Amino acid sequence: MVAWVAVALLAATVRKKPQSAPSPPPKAVGAAGLIALAQHQLEMGNYSTAADYASAGAAKAPSLEDYAHYIRAQAEYSLKNYNEVAKSATHVFNQTPTSPFVGAAAALAVRADLEGDHPKDALDLVKKYYDVIPQPHADLLLARCYAATGDPAQAAEHYKRVYYDYPTAKEATDAANAL
């Protein structure tokens, strides 16, 4: 009962605070704290802040660098800073031991290359990391790369693979529309 009273008093205090003043940015001391803040800012849509926190976290903890740079790559992609996506993805690719984020980072970097009008780079990248990008996303990206580089026959082949092999996946709709 006492706990509920304390919660009610705290809620009343919070409601009385003026909402006009923005809250100060959270403070984090360690790398894990910075990376947690980066993830939170990414989820909140504060992409520039997320990229900053992720960079700071990566600098403080090389063992968490892959996670921090994957968050940074996502933030930079949302900001349409496609060259920065490639830089952050490279950190993920070069992590030792191999990062569990390699497939996701590769898929993000391929999309960034396609949207940044570098279809040849995207095609090379998706071929290199094809086996670690989850399906059917890998085939859909490969199809988009072939289409962007002017190879409609190969594009159609991979769009069909997505459409027929993964009919319930959301990528099947994208493949059907492309076909």
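Visitor: Among contacts in the protein chain with a separation of 6 or more, what percentage comes from residues 24 or more positions apart?
Guide: Contact means heavy atoms within 4.5 Å. Take the contacts in the protein chain with a separation of 6 or more. Residues 24 or more positions apart account for 45%.

Visitor: What kind of model is this?
Guide: Residues are numbered from 1 along each chain as its sequence is written, and side-chain values use heavy atoms, leaving out hydrogens and water. Local features need pLDDT (the predictor's confidence in each residue, from 0 to 100) of at least 70, side-chain atom pairs count only at pLDDT 80 or more, and totals for chains, interfaces and linings use all residues, as the model is predicted.

Visitor: What is the mean pLDDT of the protein chain?
Guide: In the protein chain, 84% of residues reach 70 or more. The mean pLDDT is 87.

Visitor: Which element has the lowest mean pLDDT?
Guide: Helix α6 has the highest mean, 98. Over residues 1-24 the pLDDT is below 50, and beyond near neighbours in sequence this stretch has one contact in the model. Where pLDDT is low, the predicted coordinates should not be read in detail. The lowest mean, 37, belongs to helix α1.

Visitor: How many helices does the protein chain have?
Guide: Helices (H or I, at least four residues) and strands (E, at least two) are DSSP runs, numbered from the N terminus. The count of strands is zero. The count of helices is ten.

Visitor: What percentage of the 179 residues is buried?
Guide: Buried means under 20% relative accessible area, exposed over 50%, and partly exposed in between, with a 1.4 Å probe and protein chains only. Of the 179 residues in the protein chain, the buried ones make up 37%.

Visitor: How many salt bridges are there?
Guide: Side chains of opposite charge can pair when their charged atoms come close. A salt bridge is a side-chain nitrogen of Lys or Arg within 4 Å of a carboxyl oxygen of Asp or Glu. By this rule the count is eight.

Visitor: Which residue meets Glu76 in a salt bridge?
Guide: The N to O distance is 3.5 Å. Both residues lie in helix α4 (residues 65-78), four residues apart, about one turn of the helix. Glu76 is buried at 6%, and its partner is buried at 14%. That partner is Arg72.

Visitor: Which residue in helix α5 links to Arg72 in helix α4?
Guide: The closest N and O atoms of this salt bridge are 2.9 Å apart. The pair links distant parts of the chain, twelve residues apart. The residue in α5 counts as partly exposed because its relative accessibility is 23%. It is Glu84.

Visitor: Which residue joins the network of salt bridges with Arg72, Glu76 and Glu84?
Guide: This residue forms a salt bridge with Glu84, the closest N and O atoms being 3.1 Å apart. The two are about one helical turn apart because three residues separate them in helix α5. At 48% relative accessibility, the residue is partly exposed. The network is completed by Lys87.

Visitor: Is Gln95 buried or exposed?
Guide: Gln95 lies in the loop between α5 (82-93) and α6 (102-115). Leaving aside neighbours within four places in sequence, Gln95 is in contact with Pro62, Ser63, Glu65 and Asp66. Its relative accessibility is 13%, so Gln95 counts as buried.

Visitor: Which residue is joined to Thr96 by a cis peptide bond?
Guide: Omega is about -5° for this bond. The partner sits in the loop between α5 and α6. It is Pro97.

Visitor: Which residue follows Gln135 across a cis peptide bond?
Guide: Here omega is near 5°. The residue lies in the loop between α7 (119-128) and α8 (137-148). It is Pro136.

Visitor: Which residue in the loop between α4 and α5 has a positive phi although it is not a glycine?
Guide: Its phi is about 65°. The residue is exposed because its relative accessible area is 57%. Its place is in the loop between α4 and α5, and its name is Lys80.
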